[in-house]
Amino acid sequence: MSQSKTLMWTEAREAGQIVRRQVEANASLMRDLGARLRALKPRLVLTCARGSSDHAAGFGKYAIETRLGVLVASHAPSTSSIFGTPLRDLDGALFLVISQSGKSPDILTSIAFAKEAGAFVVAMVNDANSPAAKAADVFIPLHAGPELAVAATKSYIASLSAIIHLVAEWREDADLLTAIHQAGDHIHAAFHQDWSRVGEALLEANSLFVIGRGLTFGIAHEMALKLKETSALHAEAFSAAEVRHGPMAIVEAGFPVILIAPMDEAAAGFPALSEEFAARHAKVFASGGPFPGAIDLPTQAGLHPLIAPLCQVSSFYACAEALARARGRNPDSPPWLNKVTETQ
């Protein structure tokens, strides 16, 4: 799988630099927002996002719930845009919007409904001139710059880093603040980790599982989406806590499985799960191991648990780009897809 500089490769490689720039540029904004949230004491966080941004919101759920103890739920934009159902009693709630373009009509309708219901609206958006950025009570720029490849990469990682920065300031977590300031270098290094063995295994594959849990559950969903988008692979994401509840039935000899283990307490069940997949003669690959029966995917050890998933997805993006080309596909322009999907 020889290297060529597609837009996807170039943009994914920029992610570490973007995170460094974002953390520096947003330092004062995040500090002020953290203080505002400590004063507000939100009783609930509602996330509002689509596609890769919703996978970032999934990461945010675990980051906020485990670090701040605030319940996080996902708002379905169609309840506002299609059904026109008013939102009620959101006084004291944080409505967190995550979007690359900030233009989707259903997201904009949801913002309007949330504000009418009394929510405090924060929007993490890449386009500073977008309607979503202008409608929010507080706009957090992602600073990812123009993203031309259809598959979102750098804007996804920028969304994750913005979430981490927000949590760090909201919680006044000095260790996490230090970690997010150092994250850009780790993300850049991770992009150059060699995950080619999993790419080689997927060259002729049709279907696979991507398994995460907790902080890596949303990462697993993002990885599965990218394999669909760029390589036309039927990839399904599951939680390590759920995959035995039915999905395991389709695993047979040679079936590919990618384990993306978090670097915290949620990793405890991954060794036994890896062993179980290997006993079924699946092709098991693992980041965050080593695990029994799995081929290890190089992953830097000792990272903060919230930073590690950003590095794992950075390594994956390089692998996914090379895999798409090896399968004869253009990862910059997948068939039938557009860069901005404006959902009603």
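A residue counts as buried under 20% relative accessible area, as exposed over 50%, and as partly exposed in between. The exercises below concern a predicted model.

**Exercise 1.** Determine which class of exposure applies to Arg50 and which to Asp106, and state how their side chains meet.

*Solution.*
Step 1. Arg50 has a relative accessible area of 35%, so this residue is partly exposed.
Step 2. Asp106 has a relative accessible area of 0% and is therefore buried.
Step 3. The two side chains meet in a salt bridge, with 2.8 Å from N to O.
Step 4. Arg50 belongs to the loop between β1 and α4 (51-68), while Asp106 belongs to helix α6 (residues 105-116); the pair therefore ties together parts that are 56 residues apart in sequence.

**Exercise 2.** Show which parts of the chain are tied together by the salt bridge of Lys115 and Asp137.

*Solution.*
Step 1. The cut-off for a salt bridge is a nitrogen within 4 Å of a carboxyl oxygen. The closest N and O atoms of Lys115 and Asp137 are 3.9 Å apart, and the pair forms a salt bridge.
Step 2. Lys115 lies in helix α6 and Asp137 in the loop between α7 (131-135) and β5, so parts 22 residues apart in sequence are tied together.
Step 3. Lys115 is partly exposed, at a relative accessible area of 37%; Asp137 is likewise partly exposed, at 37%.

**Exercise 3.** Describe the setting of the salt bridge between Lys226 and Glu222.

*Solution.*
Step 1. The closest N and O atoms of Lys226 and Glu222 are 2.5 Å apart.
Step 2. Both residues lie in helix α11 (residues 217-231); because they are four residues apart there, about one helical turn separates them.
Step 3. Lys226 is buried, with a relative accessible area of 0%, and Glu222 is buried, also with 0%.
Step 4. Salt bridges with shared partners join Glu222, Lys226 and Glu229 into one network.

**Exercise 4.** Establish the strand order of the open sheet and identify which strands stand at its edges.

*Solution.*
Step 1. The open sheet is formed by five strands in the order β2-β1-β3-β4-β5, with parallel pairing.
Step 2. β2 (72-74) and β5 (138-141) stand at the edges; each has a single partner strand, so one side of each is left without a neighbour in the sheet.
Step 3. On average, neighbouring strands of this sheet are turned by 20 degrees against each other, direction ignored.
Step 4. Within the sheet, β1 (residues 44-48) and β3 (residues 93-99) run parallel and are joined by five bridges. Leu44 stands opposite Ala93 in β3.

Conventions:
Residues numbered from 1 in each chain as written. Predicted model: local features only at pLDDT ≥ 70, side-chain atom pairs only at ≥ 80, totals over all residues. Heavy atoms only, no water. Pairing = 2+ DSSP bridges. Helix = DSSP H or I, 4+ residues; strand = E, 2+ residues; numbered from the N terminus. Axes fitted to C-alpha atoms, helices over the stretch in contact; angles between N-to-C directions. Buried < 20%, exposed > 50% of the residue type's maximum accessible area, 1.4 Å probe, protein only.
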